[in-house]
Amino acid sequence: MSPMSGYLLLSALLFSIGLAGALTRRNAILVLIGIELMLNAANLNFIAFWRYGPNPEALTGVMFAIFSISVAAAEAAVGLSIILAVYRHSKTTNLDKMNSMKG
Amino acid sequence: MNWIVQNLWLVPALPILAAGISALAKRKSRVLAASLAIGSMAISFLLSLWAFAHVLWLRNHGEASLQIFDFRWFQFGNQWLSLGWVLNPLTAVMLVMVTFVGLLIFIYSVGYMAHDENFTRFFCFLALFAGAMLGVVIANSLLLLFMCWEIVGLTSYLLIGFWYSNPKAAAAGKKAFIVTRIGDIPFFLGMVWLYGQSGTLLFYNGGAGCLEPSAINYLVAQTTTIGICAATGIALLIFCGAVGKSGQFPLHVWLPDAMEGPTPVSALIHAATMVAAGVFLVARVYPLMSAHAGIASVLTTSTALQAVTWVGSITALFGALIAVAQYDIKRILAYSTVSQLGYMMMGLGVGGVSVGMFHLITHAFFKSLLFLGAGSVIHGCSGEQDIRRMGGLGRLMPVTFATYAVGMLALCGFPLLFSGFWSKDEILHAAHTWNISQAPFYMGAFAALLTAFYMSRQVFYVFGGKSRLAEETADLSHSLASPDTTNHHGSSAPHESPAVMTIPLMILSVFALLLGFLGTPAWPWFQSFLEDTQAPLDFSAFSTGGMLPVMLSSSVIVLLGLTIGWWFYGRKPIESVDAPDNVGRLSPSIFSALGNALYFDAIYGATFVKLNTQLSKISDWLDRWVWNGAVQTVTQIVFGFAYLDNFLDTHVVNSGFDGGCQGVSRSGQILSLLQAGRIQRYLKIVAGALIVFTILLLWKAKI
Amino acid sequence: MITFPWITTLTMVPVVGAIVLLALGGRNKVLVRWIALAFSLVALILTLVLWHKFNTVADGFQFQELHTWIPSLNAEYRVGIDGLGLLMLLLTSIVVPIGMLASWQIQQRVPLYFSLVLLLQSCLFGTFTALNFFHWFIFWELSLIPAFFLIKLWGGSKSAKAAMQFLIYTMVGSIAMLMSFLAIYLATKTFDFTELAHLAQSGQLMPAVVGKLGWHLFTPEHTAMVIFLGAFLGFAVKVPLIPFHTWLPSAYSEAPTGTTILLTGAMSKMGLYGFLRILLPLFGVQMQQVLTPLLWLAVATVILSAYAALAQTDLKRIFAYSSINHLGYCMLGIFAVVKFTGGDTALTAQKFAAMNGVFLQMFNHGLTAATMFWFVAMLEKRTGGLRGLNDFGGLRKVVPVFTGLMGIVLFSSLGLPGLNGFIGEFLIFKGALPLVTWATALSAIGLLITAIFILGILQRVFYGPLGEKWVHLPDLTIGERLTLVPAIGLMFALGLYPQLILGVVNHTAIQMALNLRNF
Amino acid sequence: MTISFLLLAAITIAGTAAAMSLRNLVHCVLALTLGLVGLAALYLQLGAQFVGFTQILVYVGAVAILAVFAIMMTRSAEPTEPHGSSSFQLSGALIAGIVFAVLAWAVSSGTKALQVQTLQPEASVNQIGVALMHGFVLPLEVIGLLLTAALIGAGVLAMDETRGAR
């Protein structure tokens, strides 16, 4: 087992944990955190591929990770504020009770 | 250069300055306006005398009697446009005449207009007129002449419409301006053409002027596309201006209407000076008028002068005919003026500058005398202008009667003593010896007969018999006099006018008597003065060149005319206001046609005025419907497409679309079952998809 | 050499004024009016300074400023004036204060109104000084915006329609012109008027354009003609020439009178300016080719507009048509100058005369028409908006001073010698008659018809018996008389001494006439 | 496969797993912080210092704090979260498990063929800066724009509706 596949497996595990959280928890904040974890798993993949993959001098993986972190930060900020707004509207963060998008 | 030549501009400038000051003055400052106008005119008169004396002095010392002063006005391109003034015998004579007659009429106006509320304005306009007229006289440039000419027209317009509240006066002023402008437009074009051809508008400029031989020869050599030489074309166009201004047939229609203005205005502008400006213009550009293609044939008359002669003789006869059947004292004189102006034109055409100008000068004196006399009569009769309502004024207004009689005899050309005889005789004699046709002579002679007749008719109506003025009060339908005149001439019984009015009459009558002796055939001083020759006293001139027969026949004609007039109107006094005219009874239809001036106004109204109105309507219609319509049509077409598109959208596309939409919405209802609004369920689906895709990818990689 | 940027300063002064007015707000209307007037007077003083400093015998443009702006497009900020530009600057600076004084009684949105007027002035300055098509066109188009709002927001009952018509009409013309200029730009890669004029003069312009854009269905002449007609349309609408004029009567009569003054006094000169500055140097050849139809258009403009004026009863509409009529003489003069003369020196001298006449007439018409509409504004103020010919009668009795002064202006418009209108018309006719005889002779009819309708106004409004309604009509106040004095004094001054203007523009007129390419 | 990697991986897994399963939300976030620090340490170990520190700054410093605030403000700190139906939890966990299985299979089958770089590559801040300013300048600008938009959007969304209309 190469060092790289270790990182990749770790990343897959992180992704699954995040997914599990996102799928099972009722609280919107935790769902958001789960999604963040999935993003982090992807970042870990990027870094790992950069470290062990070809052409590391191009810094592509690092760059991807940086941008991804930025996007994730933006996403977290917007997502949390949406949750706040929704909470103010419906006084809950429980996703089961938020079904106004029902078609 | 002599002081007076250099400063000749002062002559017109002073009255204009006076006009400018009184224009700014208040309405109440009557004395200021009158004294400014009269004072400036008096100074101008003195300056004119000086100028006249200077010309005489030059002649006596054998120097050139043509003095010019030019100055640069403005620059365009590489050349300067120069203006200037000219002092020659023609100028000098006109200057003295205009300032003298003008001065007398100004003084007279003080009395005549005494009660008018716009007294100040009147003198302002009058002074402006005098200045502009003097500008016409001294101008050494056709452009300057034209400019002053137009301002003269403006003042004429203002003064005819002086009693502006009267719609007739307002209309008459407008008519005068427009009809003269009809003549001025060709004049303008002729001037521009002349400028284009000769490169200068200065009359005399040391050999380079447009009236001097080199320019004239050049103009004669040019031929236009219609076959006449440029000189003739230009001369004819300029003559159009003279026709308009001098009330020549067929543009005479404004002059009788112009009598709506105050009587001094009629005397000054529409008898003595402005209307004579047309004659003066022809005299001024005479070298151009008489230029013809044949090099040395002095005897042949140029086309332009032939036109002048024919127009003049037709006008002379025409005006005299109409004057026979008029009842308004001023209209008779107006048509008489038309006729006499025709004489002058004829004189210019057949005899040359001196012949026409001599009549112009004498006419200026006796016709202004007649108008002022008529004004005195109107003033005395409280604004009455209809000769049928006058009568017997000879006893009531002796001074007016005496001076009027002098003027009337001068106008008729009563033999030997009166100025009109000599000047008219000159014209008839020249017409008699004209080499083209004898017709102008006969027309002129017949007009002379008619002149004697209608003047005696007028005098018998006005001064003879007993007063019929009392009947007026009973006649309520009468409304001939303008409201203003009626209001402003106070008292009711006929009375003699004040001295401020009668003294100018007397002075004028003296000149009407004596002026003729300056130009008798025996001692043609006036003619020689204008033509720059010497005039010895030579009584044998009467017997040469058929002079004596012409004089005799014209005397007979005049006496005959007076006799016929006496026969019809003087033999027994006119009975009443409503009595039909004694001549009119002979042939009422012809008489009424003449009374209506041969329906010229109606004819013009039905043709030119109507045409004009129609054209303006057409133009407006074009504007509204064709030009704008084209634009609107394009707009409508665009809108039409828009509507069509809209229609297709609603009824074709939309209905199909709606159908489609219903299908979509039904399937949407089914699909919406999937949309439970629960994110986590979606997430599960995504995860499932992820699983499937990863497996697929791996599978593919394996294979 | 760095000199003081006179022209840019002049252009910016009204803009600053507009900003100040907008910042000030509408609380103090009186203050706003005075500030606006003050700014326009500053512009007038600046223009007079330029007039004084102008070298009347120098060739080419003066007070030039040159800055690169958009290098990739070869668009430069290049301004400068010759005699014509200076004359137009002066006219604008005179007309704008008149327009402001005539709008004194406006009550709604005062700061906006006056700042729009100032903006319009700035655009006019820009148009008359720009020497590069790029920003010239920007100013040209920009001027439509204030004009549009001035007509629409403060105009009469149908002003929205009139403003829209005005905007669309001129816009269509401008677009056609823009197309033509883009075509020229594609071929020459320059927007500079002087360079383009040099190219045209040496006969390279149109071959270059045709070489670039030639289309197999068109002969080169046709291609050049199409390009010319595009530019022609833009200016012909603006002037306007019949039949491109239908926006004008409604725009003039619906606009508030103060705006009409700006429209007729200054904006109508933009079209003529374009003809002189752009069409003559660039498209002389094409104009020669279609000279006869162009002359017909000019003659039709002169005569039909005069007749149409005769048929109107609204004073503003009469003066609107009269305006078209007067500009028709300018068009006649311009077209006469275009006529091919083949180096005949006598006829070239006639061209100088016509060119000078056109310049003078442009200025005179601006002055006279502006003052005439000013009188209409004063009449409207007194009568509460009535301005029909049939509404009045005998006013001279109650308002003698008004009548007298308006009479002077009316006669100036009629072309009475001694007032400013005459010399311009005289020079145009003098120059045009030998060049284009029949068209000029026919146009003289316009002079007559003008007299008829002007005297008709005097007769129906001021003469005749006084209507009951107007017995208490107030005459001009002292303030109004004083403000009128400069305008009317200028009319007299120019009528008696036209050298005042001709001395300044003559050199430019000669240059323009000589620079026409003669084939 | 070093000890340090295993250690750090264990910390990360533990932290994140705790974050996803604890009852108290505040505890969840604390556990998450631990997991994220572990992840950052892994980055450092891989030689990507800049990313590692950024991870700490952004996630530990910002996102976690943000989450805490959100929890505070929504009063979800009390462990009152009702348990959903067990079938719901089970299905979620099952799916996550399947995903992990598939991914692990993919990793194990995919990485065998890969040539592995053994040399430690360099990613100094200087290099990253140069790269950002040259090859990646456009993405940088876009991300800047995105962040600005997010900033404004978050502000607007979080603004109190009643007072926001002021």
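The points below comment on the chain contacts, the nonpolar cores and chain A of a predicted model.

1. Residues are numbered from 1 along each chain as its sequence is written, while chains are lettered from A and ligands numbered from 1 in the order in which they are written. Because the model is predicted, local features need pLDDT of at least 70 and side-chain atom pairs count only at pLDDT 80 or more, whereas totals for chains, interfaces and linings use all residues.

2. Among the 4 pairs of chains that touch, chains A and D share the most contacts, a contact being two residues whose C-beta atoms, placed from the backbone, lie within 7 Å. Chains A and C do not touch, their nearest C-alpha atoms being 36 Å apart, and chains C and D likewise have no contact, with 24 Å between their closest C-alpha atoms.

3. In the largest nonpolar core (buried Ala, Val, Leu, Ile, Met, Phe, Trp, Tyr and Cys residues joined through C-beta atoms within 7 Å; buried means 20 or more other C-beta atoms within 10 Å of a residue's own, these atoms being placed from the backbone), there are 446 residues, and B:Met133 and C:Leu87 are among those that touch the most other members. Leaving aside residues up to four places away in sequence, B:Met133 touches B:Val98, B:Val152, B:Thr273, B:Met274 and B:Ala277. A second, separate core of 81 residues includes A:Ile29 and D:Leu8.

4. Chain A has a radius of gyration of 17 Å, against near 13 Å for a compact globule of 103 residues, where the radius is taken over C-alpha atoms and the globule rule is 2.2 Å times the number of residues to the power 0.38. Of its 103 residues, 58% count as buried.

Terms used: A residue is buried if 20 or more other C-beta atoms lie within 10 Å of its own, exposed if 12 or fewer, and partly exposed in between; C-beta atoms are placed from the backbone.
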